[in-house]
Amino acid sequence: MSPFRLAFKNLWHLNAQIATCYACKNQCKNEVLTRFALSLTAHPRLVSSPAVEDALRGQSDRFRKFSWPILILSAVLTMGLVADLAFVDTPVFHTDLADFAPDSESADAHDRISEHFSNETRPMFVHVTRDDGGNVLDMASLNLMDSHLDIVQNESEMMQGVVKDWITAPSILQLALDEEADGIELSEIESWEEMLNLVIDVNESDCPGDVSKQREVAQFILDGMLHKDFDGSEICLWIQTNSEEGSATVSASSTLWILEIDPDLPSEERKAKQDQLRDVFQQLSDDSDLNYGVASLDLISHDIDEGTFDNLATLIFLAVIVVVLLLAISFRSVKGVVFPLVGLSSALIWTYGILNMFGTRFTALEVAVAPLVLGLGIDYSIHLQRRYNSFKKDISDSAESWLASCGKLSTPLGLAVITTVAAFLANIISPLPPLETFGIALAVGVLSAFINATIVVGALHVVIDSSKDKVPAEPIRMPRLSKKIVDLQRSQQALVLIVALIISGLSIIGAMGLETEFDLTDFLDDEMEIMEVREDLDTSYESAGWKVVYVLMEPAESNDEIDSDYELLKQLRVIDSSLANNYDVVGGGGEGNPSYEGPYNVLYDAVDNDLKFGEKYGMVVTGDKLDRQNASRFDLGAALLNLSQNNSIADPFTGESWADRVAQTVSMEDDKIQYIRLEVRVDASTSSDSSRVVTWFEEELGDEDDLTKVRGKLSGIANVYVTGDLVALQNVLDGLNSSQLSSTAISFIVS
């Protein structure tokens with residue numbers, strides 16, 4: 001009969017005895033447990049520790065002989081890795097959203113199609129307020145802003161033109177003066193009344209924004225550049241009374257500058273230059289009554305990377321303090337603290353050094369590797385050293401005592417290491433590269449800690465310990481507390497089980513309601529300046545700190561162009577209408593004017609500004625919609641080709657020409673449309689907002705099989721994709737969810 005079957009047979013018979021012996025129930029229980037344990041331990045195949053222990057103890061002479069070489073080799077390896085980390089190839093942390101984004105069809109399409117356009121917009125937001133909280137739009141403040149803008153523009157030029165477009169209150173007003181007042185400088189204007197008299201005809205104008213040729217410009221300024229407390233009632237009254245009554249002053253407690261950073265700059269250079277610009281704004285804030293708060297995704301990444309080393313050092317310092325305290329309490333001896341600390345320190349150096357040698361791309365996640373390795377490694381050290389001290393009382397030889405302790409703990413520590421490493425390595429199936437790296441780093445760390453705790457620390461004991469050493473202090477025990485806990489468990493078994501089940505059930509219910517969130521700001525302290533600026537942006541503007549979603553189109557199948565002009569125009573009009581009704585789009589919602597750039601609104605503005613241009617290419621604006629007027633003359637490619645050669649100003653707040661706008665949204669070969677890019681500004685502050693926005697885009701575009709949606713209508717004409725940072729963020733969230741499920745399942749199976 002197998003040992004397991006024999007043990008459980010004895011357990012079955014003894015349980016039968018207990019059932020008929022209520023008077024001596026506790027005594028019988030003890031007898032049951034004793035017999036059961038004896039049945040298990042009596043068979044050599046069940047408990048391998050004695051065999052392993054004997055085998056290892058037989059290697060004590062060899063271990064004693066190789067202890068010095070082990071320590072020398074460990075020291076050389078550790079110092080070599082320290083030199084590599086500190087002087088040869090110091091690791092750099094990268095925490096961009098792109099580093100977390102997994103591979104996907106939309107990401108591949110984005111990389112493929114984006115080659116035909118400039119890189120994505122990289123806005124830097126500057127939140128402008130007055131120190132006294134007053135009106136930032138009075139002419140004195142605007143003149144001061146204008147002088148500061150000159151300083152920042154000069155700094156930008158010294159940095160090879162890091163800012164490509166300036167969307168600011170003073171630059172917009174100066175552009176109006178350039179067009180309507182023969183280029184009078186804003187600094188010469190003393191009042192809003194003077195400003196308006198120079199740029200508009202009061203007798204032929206309504207309240208500003210009502211009759212703008214590009215109404216989305218006015219909507220964008222109201223939603224994204226002026227504080228929610230903006231008051232323009234006085235200027236409207238002044239215009240309506242033909243400048244005879246009241247004042248034309250407008251007021252707001254803050255305004256937002258949007259600086260479009262050169263997207264073609266390398267990521268690290270772009271971050272560094274934005275940080276330099278932030279320093280310039282900080283100096284301007286210190287020297288004037290205006291305050292400039294700066295934020296951008298690049299600056300968030302920059303601050304994460306800059307703070308990573310500090311966070312890593314702080315975490316290691318705190319973890320080491322905890323380790324030292326625990327070791328001191330456990331062993332109450334210098335060796336009991338120093339030896340494991342040497343092993344744990346070496347394990348950390350090995351972990352980061354090995355990863356760095358293999359060219360690992362570090363992110364902020366790797367900061368968490370150090371405390372986890374220390375926390376797991378100290379467990380191995382405590383168990384081994386306590387067992388070593390126990391053996392040392394009877395075995396004077398340090399090598400034999402250490403190997404005996406390793407043999408005694410071979411099964412529990414071996415299984416602990418295997419299951420822990422397997423759990424961490426389960427992350428290698430994650431679609432997120434940083435999570436895969438994190439899992440590998442932890443696995444390397446656990447193995448390094450185990451090797452150091454067993455071999456290196458053991459060699460230290462063999463080399464330094466002596467048979468004349470005094471007996472180690474007894475470990476601290478708490479027998480009374482342990483007895484009370486055990487007595488409570490025995491006397492209240494049913495209650496303990498019920499409470500455990502209730503807590504487990506509530507935990508499951510709570511876990512079902514968990515929502516995975518991810519944002520780069522999760523890696524930053526809420527008290528940091530950039531986080532406070534982001535909070536100000538969220539609370540001050542209807543749409544601020546917006547992100548961009550791209551809708552990309554390429555020829556379907558083997559086509560070399562996107563043809564079927566009329567169907568393309570209709571579907572672009574559908575997208576335009578959908579964006580106008582979406583409150584998540586900047587300027588959208590109800591009768592809103594969505595802030596986005598695409599071939600539809602470029603053509604709409606061109607036809608609306610010049611009726612002859614529309615007639616030439618068979619298009620007309622009717623009822624706020626761009627439509628085909630004459631089928632024989634209708635040609636989208638030819639119209640866009642014409643605009644691509646027009647260098648007159650087309651955008652009233654960036655100063656971009658028609659050629660610039662076309663280049664940003666259409667890639668052409670002669671008059672053939674090859675690729676289309678729609679750049680849509682959306683307001684999404686949280687992960688749930690991002691998920692909702694991306695889902696909306698996908699549902700609006702539909703599938704190719706759904707002939708009622710855009711993708712279905714353009715099937716065989718163009719392939720349509722949704723991409724951008726927001727989509728990448730959603731892919732990260734999906735990857736996190738799938739990684740959680742798969743890694744947990746693998747860990748359970750291995751365990």
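**Holes and hollows in a predicted model**

Analyst: Heads up, this is a predicted model. The second largest cavity in it has a volume of about 100 Å³.

User: Why is this called a cavity?

Analyst: The word is used because a 1.4 Å probe fits at its points but cannot get out. The structure holds four cavities of 30 Å³ or more.

User: Which residues line the second largest cavity?

Analyst: Leu97, Leu297, Phe518, Asp519, Leu520, Lys547, Asp725, Leu726 and Leu729 do. Helix 29, residues 725-750, gives the most to that lining, with three residues.

User: How do you know that the lining has six nonpolar residues?

Analyst: Leu and Phe count as nonpolar, while Asp and Lys count as charged. Sort the lining by class and you get six nonpolar, no polar and three charged residues.

User: What makes the second largest pocket a pocket and not a cavity?

Analyst: A pocket is an open set of points, whereas a probe in a cavity cannot get out, so the open one gets the name pocket. The second largest pocket has a volume of about 790 Å³.

User: Which elements give two or more residues to the lining of that pocket?

Analyst: Helix 5 (97-100), helix 6 (105-114), helix 12 (267-287), helix 13 (297-331) and helix 29. Helix 6 gives the most, with six residues.

User: How many residues line the second largest pocket, and which lie nearest its centre?

Analyst: It's lined by 35 residues, and Ala98, His110, Glu120, Arg122 and Asp725 lie nearest the centre. By class, the pocket lining has twelve nonpolar, eleven polar and twelve charged residues.

Methods
Residues are numbered from 1 along each chain as its sequence is written. This is a predicted model: local features need pLDDT of at least 70, side-chain atom pairs count only at pLDDT 80 or more; totals for chains, interfaces and linings use all residues. Side-chain values use heavy atoms; hydrogens and water are left out. On a 1 Å grid over the protein atoms alone, a cavity is a set of points where a 1.4 Å probe fits but cannot get out, and a pocket is an open set with protein on both sides within 12 Å along at least five of seven lines; lining residues have an atom within 4 Å of a point. Grid points are joined across faces, edges and corners, and a volume is the space filled by probe spheres set on the points. Helices (H or I, at least four residues) and strands (E, at least two) are DSSP runs, numbered from the N terminus.
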